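Student: I've got a model open and some labels I'd like to challenge. Can we go through what earns each one?

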Amino acid sequence: MLDPNKDASLPEPIRRFLPAFSGRPLGPLLTQAMRSLAQRRPEAFERLGEFCKAHFLIDPTDLPFIFHVVPDGRAALVHTTGKNGALPSDVVIRGPILLLLGILDGSLDGDALFFHRAISVSGRTEAVVALRNAIEDAELRPSDLLGLGGNVARFADSGILGGLSLARQIVTGTHRRERTDS
């Protein structure tokens, strides 16, 4: 389990090689993935109710870019910009990328991370609660975002989730400690 008192940020050498524009290709890819998911699983977006048109600024504190997300089902939009290109938003969610991805995939408890100050949330908290509830109810896996099914989906989920878990262990130092303790 993740120790909320440890820094889960990506190591400095990795961050140094990521320029602000490196996130730009992610915007169109994530927009398409969200729209495709909304077509296959509309209930995941309906759970947002009035907050489907809310503007969420997701700020991975250890990356040089931010995500502007409007989770409006088949009209969903994701833009990526450098940190100084922040657009007006209803909600701002900040934290290390590996923690934010852990909340998204359900392997980490967003409430616990918030109360331990590993992530921060500001703005319309009711929109964040609606988003959290929608993500939890949907029980999304990486294969859902990628539009995969069957054995390929199971393989992708295992690989991606296993890789994220290993990355969190390496970043927080728990991987080395567990190996030396055994």
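Tutor: Sure, and keep in mind that this is a predicted model. Let's start with the nonpolar surface patch of about 330 Å², made by Leu146, Leu148, Val152 and Ile160.

Student: What makes Leu146, Leu148, Val152 and Ile160 a patch?

Tutor: The cut-offs are over 30% relative accessible area, no salt bridge, and nonpolar side chains joined within 5 Å. Leu146, Leu148, Val152 and Ile160 make up such a patch, so the term applies to them. As for location, Val152 lies in helix H8, residues 150–172.

Student: Why is strand S2 called largely enclosed?

Tutor: Buried means under 20% relative accessible area. In S2 (residues 65–70), 6 of the 6 residues are buried, so the rest of the structure largely encloses this strand. Both faces are covered: Phe65, Phe67 and Val69 are buried on one side, and Ile66, His68 and Val70 on the other.

Student: How do you know that S1 and S2 pair?

Tutor: Pairing takes at least two bridges. S1 (residues 56–60) and S2 have 3, in the antiparallel sense, so they count as paired. Ile58, for instance, has Phe67 of S2 as its bridge partner, and a hairpin of 4 residues joins S1 to S2.

Student: And what makes S2 and S3 a pair?

Tutor: Set 6 antiparallel bridges between S2 and S3 (residues 77–82) against the threshold of at least two, and they pair as well. Phe67 stands opposite Thr80 in S3. S2 and S3 form a hairpin with 6 residues between them, and Gly73 in the turn has a positive phi of about 55°.

Key. Residues numbered from 1 in each chain as written. Predicted model: local features only at pLDDT ≥ 70, side-chain atom pairs only at ≥ 80, totals over all residues. Heavy atoms only, no water. Patch = residues over 30% accessible without salt bridge, like charges linked within 9 Å, V, L, I, M, F, W, Y side chains within 5 Å. Areas by Shrake-Rupley, 256 points an atom, 1.4 Å probe, with all protein chains shown as cover. Salt bridge = Lys/Arg side-chain N within 4 Å of Asp/Glu carboxyl O. Helix = DSSP H or I, 4+ residues; strand = E, 2+ residues; numbered from the N terminus. Buried < 20%, exposed > 50% of the residue type's maximum accessible area, 1.4 Å probe, protein only.
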